Amino acid sequence: MRLLITGGCGFIGSAVIRHLIRATDHTVVNVDVMTYAASEDALEEALDSDRHTLVRADIADTAAMKAAFETHQPDAVMHLAAESHVDRSIDGPADFMRTNIMGTFSLLEAARAYYAGLTGERRANFRFHHVSTDEVFGALEANDPPFVETTPYDPRSPYSSSKAASDHLVRAWFHTYGLPAFVSNTTNNYGIWQFPEKLIPLVLLNALEGKPLPVYGDGSNQRDWLFVEDHAVALVKVLEQGVPGETYCIGARQPRSNLQVVHAICAELDRRLPDPEGPRSRLIRFVTDRPGHDFRYEIDPSLAEAAIGWTAEHDFERGLARTIDWYLSHRDWWEAIRGGRYTGQRLGTAA
Ligand code: NAD
């Protein structure tokens, strides 16, 4: 298939494209406007593959999206482009509304116009896969059962409400216009090439540099952690096998409190590189909680696992060990980001 992937230079999109280039015969048109969160380096060998084309364009630009469909004639779309960091959405929600809601609207309109012109097998096989989050379901209490495909929406942050809005748009374009679309909602991802503003790389790199490790509230907030490469495999299976109108809840059954995550990172780092000043857990600092901080997210992935024939390969400990090894051997990349010198372009390329 020829796939149009949005946000393919981001954390999850780049993992999907690496997997597609390594393990399938599909070709990829990667539409990415290259925000601060984008990284060409994360594409690794895909960047030089003749099965990958990078198109720098904004999903909110309907004319540019229509042109991308017309030029590249995709067989399917996987839509990942988004503003994705909850803390940024609290400080400045406007970009989240623009990209996540209006950008999804514009992409849907371009897909609808393109789909209207398809005939025969190409029309029968066309798919639009929207990648979303479990945060749209709101917050669980300690003893609530995990989220499933039928859990009602109850988003609470600017980020999760913008993602919820985009999910509603995708379902409306399926019901109203017959666009063959489906949605996947996934738990927290972690792993290689994650921008170092998110919890796991932030704590890991601060610990390595002997800096304070900020933990919101008392650290009891709980997330369900999925290794990004496992997610990439699941997303491609959903794209290939998904049924229009369906929802796929993807998770790894690896719930951990934030404090457990931070202690696990400190212990793994101490084992690899003992700090003469003592265990790195001494750097933990409890900071004022995030406003509206959801207590717990967790997914029961049973239905999606059965539907697509997939389960996550990495438990949290194995995924974390791989993540730590990777950050220890990719200093150039994260030091350039933390030093404010990274442009998103491949390291060593003129800006
Ligand atoms: P990310 O922030 O790492 O990457 C987002 C990518 O989208 C970047 O490359 C950015 O340049 C691009 N982008 C942003 N605005 C754009 C625009 N207007 N036009 C074109 N490209 C644009 O995000 P991520 O963590 O890889 O998440 C990808 C998707 O998965 C998002 O939709 C997110 O909501 C969803 N998701 C993420 C997680 C997670 O834990 N990271 C979990 C579940 C779902």
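**Aromatic pairs, a parallel sheet and two buried sites**

Phe 137 is buried, with a relative accessible area of 4% in this predicted model. Phe 147 is likewise buried, at 1% relative accessibility. Both residues lie in the loop between strand S5 (127–133) and helix H6 (158–177), ten residues apart. Their ring centres are 5.0 Å apart and their planes meet at 40°, so the pair is tilted; the cut-offs for this class are under 30 degrees for stacked and over 60 for edge-to-face.

This pair belongs to a wider set of aromatic contacts, since a search of the whole structure finds 19 aromatic pairs. Phe 69 and Tyr 114 offer another example, with ring centres 5.2 Å apart and planes at 40°, so this pair is tilted too. Phe 69 sits in helix H2 (residues 62–72) and Tyr 114 in helix H4 (residues 94–116), so the two rings tie together parts that are 45 residues apart in sequence. Phe 69 is buried, its relative accessible area being 0%, and Tyr 114 is buried at 3%. Elsewhere, one aromatic cluster is formed by Trp 193, Trp 326, Tyr 327, Trp 333 and Tyr 342.

Aromatic rings also meet charged side chains. Arg 88 lies over the face of Tyr 36, at 3.6 Å from the ring centre. In a second case, the ring of Tyr 177 has the charged end of Arg 112 over it, 3.8 Å from the centre.

Turning to the strands, an open sheet is built from seven of them in the order S3-S2-S1-S4-S5-S6-S10, with parallel pairing. Strand S3 (52–55) and strand S10 (247–250) are the edge strands, each pairing on one side only. From one strand to the next, the twist averages 20°. At the S10 edge, strand S6 (residues 181–186) pairs with S10 in the parallel sense over four bridges. Among the residues involved, Thr 186 has Ile 250 of S10 as its bridge partner. Helix H8 (residues 228–241) packs on the sheet, where it touches strand S1 (2–6), strand S4 (76–79), S5, S6 and S10. The direction of H8 makes about 165° with that of S10.

What surrounds Thr 187, in the loop between S6 and strand S7 (188–190)? Leaving aside neighbours within four places in sequence, Thr 187 is in contact with Asp 134, Asp 224, Leu 226, Ile 250, Gly 251, Ala 252 and Ile 299. Ile 250 is thus a contact of Thr 187 as well as the bridge partner of Thr 186. Thr 187 is buried, because its relative accessible area of 4% falls under the 20% cut-off.

A final element to consider is helix H9 (residues 258–272), which has 15 residues. From its first C-alpha to its last, H9 reaches 21 Å, close to the 21 Å expected at 1.5 Å a residue. The buried residues in H9 are Asn 258, Val 261, Val 262, Ile 265, Cys 266, Glu 268, Leu 269 and Asp 270. Their cover includes two helices, H7 (199–208) and H11 (316–328). Strands also contribute to this cover, including S8 (213–216), S9 (222–227), S11 (255–257) and S12 (284–287).

Note on methods: Residues numbered from 1 in each chain as written. Predicted model: local features only at pLDDT ≥ 70, side-chain atom pairs only at ≥ 80, totals over all residues. Heavy atoms only, no water. Phe/Tyr/Trp six-rings, centres within 6.5 Å; stacked < 30°, edge-to-face > 60°. Buried < 20%, exposed > 50% of the residue type's maximum accessible area, 1.4 Å probe, protein only. Lys NZ or Arg CZ within 6 Å of the ring centre and 35° of its normal. Expected span 1.5 Å × (residues − 1). Contact = heavy atoms within 4.5 Å. Pairing = 2+ DSSP bridges. Axes fitted to C-alpha atoms, helices over the stretch in contact; angles between N-to-C directions.
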